[in-house]
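Hi there,

Here is the model I promised to pass on to you. Please have a look at it first, and my notes follow below.

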Number of protein chains: 2
Amino acid sequence: MANIKNKLSEKGLKITPQRLSILEAVYNLSHPTADDIIKYIRQKHSNIATGTVYKVLDTFIQKGLIKKVTTDKDVIRYDGLLIHHHHLHSSKDILIKDYIDEELDKILNDYFQKKKIKNFKIEEITLQIRGKFKK
Amino acid sequence: MANIKNKLSEKGLKITPQRLSILEAVYNLSHPTADDIIKYIRQKHSNIATGTVYKVLDTFIQKGLIKKVTTDKDVIRYDGLLIHHHHLHSSKDILIKDYIDEELDKILNDYFQKKKIKNFKIEEITLQIRGKFKK
DNA sequence: TCCTAAAAGAGAACAGTTCTCATATAAGGA
DNA sequence: TCCTTATATGAGAACTGTTCTCTTTTAGGA
């Protein structure tokens, strides 16, 4: 909690109850939509306006506190995990899991160090790995 | 055009002017939204109902004639390129380009042949390469 | 040519997101 | 601690993209 407050002030953001609970929600939920976040806060903390949630999420993205997740759906999902990682996507449903693999990242870096893409400067490579989760 | 008709009948779909022009639009436009497709058809061919476009695009996806593009935006984009490929995403704007690289695909296949992901069966790996296009 | 299942059209409904503007509040300074 | 003010929030309207409903039209086989 003090941790979350620090993250806000590090970025020069005013500490408000809404911002604290939104950031907490993003950290505790897995790749949530704005609606997931709203429900989480309303049940756990107190009421919050939907507009506030969208605006705060935008601010957090601007400041690099969270990221958007890329999917082929028309709802936006958010991600609080900031270290470089990839995503495992279920081919059946909407389940998404984080996938961290430094060895793979090294292979990709080495590969694109040698093989340049014409007229393009790479900033970040993320894999979408689609498949089936076994239980 | 005869080509497009073949693709429809191969999948057991009735050949209608709407389907022909939607498929043509997806082939001629680069990762279009439904709205891009509607505008293209209205200007080039004739009027078409928006509901028809969405429904036909859905049918095409079901039959494997096109795919959705994954982005972090809340509009869905479609892709007519069916061979396995990756995407270069502009970090500034919405520009997306196809990236085909069989050598890379082989490296990834080999890598994941050795290194299994626990409780997950990979079906397809696509890279999102984010960066800057130079002109 | 006729018949019928399937497709398309029109627009209402819906969901997700953004906008507007009045009110409330965080946080720096007196 | 109390003011002050820039900034944030709330409430709900507006907007955008997508889906749904229901009627009319049409493709394509008999």
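Let me start with how chain A is put together: 10 residues of its domain 1 are in contact (heavy atoms within 4.5 Å) with nine residues of its domain 2. Domain 1 of chain A covers 2-79 and domain 2 covers 86-131, with bounds that come from an automatic or database domain assignment. Taken over C-alpha atoms, the centres of these two domains of chain A are 25 Å apart.

Before going on, some housekeeping. This is a predicted model, in which local features need pLDDT of at least 70 and side-chain atom pairs count only at pLDDT 80 or more, while totals for chains, interfaces and linings use all residues. Residues are numbered from 1 along each chain as its sequence is written, chains are lettered from A and ligands numbered from 1 in the order in which they are written, and side-chain values use heavy atoms, with hydrogens and water left out.

Now to the DNA. Strand D is surrounded by 19 residues, the closest being Thr16(A), Gln18(A), Arg19(A), Ile15(B) and Tyr54(B); a residue counts as near if one of its heavy atoms lies within 4 Å of the strand. Of the strand D atoms within 4 Å of the protein, 82% belong to sugar or phosphate and the rest to bases. Three pairs of atoms are worth a look:

- The side chain of Gln18(A) has an N or O atom 2.8 Å from a sugar or linking oxygen of strand D.
- Arg19(A) places a polar side-chain atom 2.7 Å from a phosphate oxygen of strand D.
- Ala49(A) has a backbone N or O atom 3.2 Å from a phosphate oxygen of strand D.

Next, what surrounds Thr70(B)? Leaving aside neighbours within four places in sequence, Thr70(B) is in contact with Thr71(A), Asp72(A), Gln128(A), Arg130(A), His89(B) and Gln128(B). Thr70(B) counts as buried because its relative accessibility is 12%, where buried means under 20% relative accessible area, exposed over 50% and partly exposed in between (1.4 Å probe, protein chains only). Its side chain makes a polar contact of 3.0 Å with that of Gln128(A) and another of 2.8 Å with the side chain of Gln128(B). A polar contact is a pair of N or O atoms within 3.5 Å; within protein, one must be able to donate a hydrogen and the other to accept it, and residues adjacent in sequence count only if both atoms are side-chain atoms.

Happy browsing, and best wishes!
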